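The exercises below are meant to be worked with the sequence and the coordinates open side by side. Each one sets a task and then takes the solution step by step.

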Amino acid sequence: MNNSHLHSTLELLGWSDFFADQVQPTEAELLPRRVASVHRARIEAIDVTGPVKLELPANANTADYAVGDWVLADPRSGMLVNRLDRKTVFQRRSEGGRGQQLVAANIDTLLIVTSCNADFNTERLERYLIMANQAGSNPVIVLTKADTADDVGLFQAQAEALQRDLPVVALNGRSADASSCLSPWCGVGQTVALVGSSGVGKSTLVNTLTGLGSGSAQKTGTVREYDAQGRHTTTARSLHAIPGGGWVIDTPGIRTLHVSDVTDGIDMLFSDITELAPLCRFRDCTHSHEPGCLVQAAVRSGALAADRLERWRSLAAENRDRTPVISGPRGNKIVRKREY
Ligand SMILES: Nc1nc2c(ncn2[C@@H]2O[C@H](COP(=O)(O)OP(=O)(O)OP(=O)(O)O)[C@@H](O)[C@H]2O)c(=O)[nH]1
Ligand SMILES: [Zn+2]
């Protein structure tokens, strides 16, 4: 088989050098496949031909795989052999608070959806931004229902102020134009995912993006299916093709927005604050009362909004409280490192 041809077509599915470089010479015979949906007992995958069967080894736990993952499969048996490292990964604290649950992987852009009405909430958007930053995906704020708002510019300006260089798009999710508004992030091989509260128009947008139309049976949000015992299982997220060449993952799994173990994500959101911190007189400055505090100086000069500093403070504190610490060999506290 001509490998270079195989790889150029795989790029349509989001394959890139990042993944190709991980394939060992001994694995050259194996076939790359992308995980399209994860169920309790099986995983659906796609390759350039469309849906393909993926057999799981007897000891495999489907919870170790996420929609968007790249895996290598045996060409004869279709058996999953190896999962490739992830470029980006979304996880959430699982019910009961123990361990992390995978939500989706290898998402290039997170579309954070809110509407131009009472749903618009700075603090909630900040939590989504932290999540995107932490996962390594580029966030984009999507303001839906722009057709119903009197002053879209007001929402737009508030959203843009949340993070440096944050793209903000206002649109009507029911109009076909919405696809062209989002096309910069939905090109060939690009993967996007949508998050946002119920009712903001995520399903509408997925339908518009995928060209399925609002009358279609395609209902994202809560995809349910029955397992063999007839129990309700929320299977959630799957990968849908966008006609322009990209992929969209609907992610109803992202609901609770506790911040925990997301220091990098917070630092990126509040880069205006975190960049000043090293310039404060004291290395452990809390930016509240210390002399020589550049952050407080920025508030005084009007360069930094006082309520923004307050939100940074409370999010950072919540993150500290919720981040698990493991005791090191000599009782040193070790903050758990990010694992992909
Ligand atoms: N006017 C207008 N209505 C919209 C727009 N986007 C969505 N809607 C409407 O808002 C309602 C909710 O949209 P959904 O797409 O179901 O919202 P959702 O975010 O998927 O909600 P969940 O499935 O509960 O998560 C529907 O009646 C849509 O037709 C928009 O841009 N403009
Ligand atoms: Zn300071």
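**Exercise 1.** Locate Cys280 in this predicted model, and decide whether Cys280 is buried, partly exposed or exposed.

*Solution.* Begin with the secondary structure: Cys280 sits in the loop that runs between helix 8 (271-274) and helix 9 (294-301). Next, count the surroundings, which gives 19 other C-beta atoms within 10 Å of Cys280. Since a residue counts as buried at 20 or more such atoms and as exposed at 12 or fewer, Cys280 is classed as partly exposed. Finally, list the contacts, leaving aside neighbours within four places in sequence: Cys280 touches Cys285, His287, Glu290, Gly292, Cys293, Leu294 and Val295.

**Exercise 2.** Find which residues the UniProt annotation "binding site" covers, and work out which of them Cys293 is in contact with.

*Solution.* According to the UniProt record, an unreviewed entry, the annotation "binding site" covers Cys280, Cys285, His287 and Cys293. Cys293 belongs to the loop between helix 8 and helix 9, and with 21 other C-beta atoms within 10 Å it is buried. Once neighbours within four places in sequence are set aside, the contacts of Cys293 are Cys280, Cys285 and His287, each of which is also named in that annotation.

**Exercise 3.** Determine whether Arg281 is buried or exposed, and how far its C-alpha atom is from that of Gly292.

*Solution.* Arg281, too, has its place in the loop between helix 8 and helix 9. Because 10 other C-beta atoms lie within 10 Å, Arg281 is exposed. Although Arg281 and Gly292 are eleven residues apart along the chain, their C-alpha atoms are separated by 5.0 Å. Beyond the neighbours within four places in sequence, Arg281 makes contact with Glu290, Pro291 and Gly292.

**Exercise 4.** Give the order of the strands in the five-stranded sheet, and explain why one side of strand 3 and of strand 5 is left without a neighbour.

*Solution.* The five strands make an open sheet, ordered 3-2-1-4-5, with antiparallel pairing. Strand 3 (50-52) and strand 5 (80-83) are at the edges and have a single partner strand each, so one side of each lacks a neighbour in the sheet. From one strand to the next, the twist averages 45°. For strand 3, the pairing can be followed to strand 2 (residues 43-47), which runs antiparallel to it and is joined to it by three bridges; here Asp47 stands opposite Gly50 of strand 3.

**Exercise 5.** State how the chain is divided into domains, and how far apart the C-alpha centres of domain 1 and domain 3 lie.

*Solution.* The division gives domain 1 (3-83), domain 2 (89-250) and domain 3 (263-335). Between the C-alpha centres of domain 1 and domain 3 the distance is 41 Å.

Terms used: Residues numbered from 1 in each chain as written. Chains lettered and ligands numbered in written order. Predicted model: local features only at pLDDT ≥ 70, side-chain atom pairs only at ≥ 80, totals over all residues. Pairing = 2+ DSSP bridges. Helix = DSSP H or I, 4+ residues; strand = E, 2+ residues; numbered from the N terminus. Axes fitted to C-alpha atoms, helices over the stretch in contact; angles between N-to-C directions. Domains from an automatic or database assignment. UniProt positions renumbered as here; feature names shortened; annotations may be inferred. Contact = placed C-beta atoms within 7 Å.
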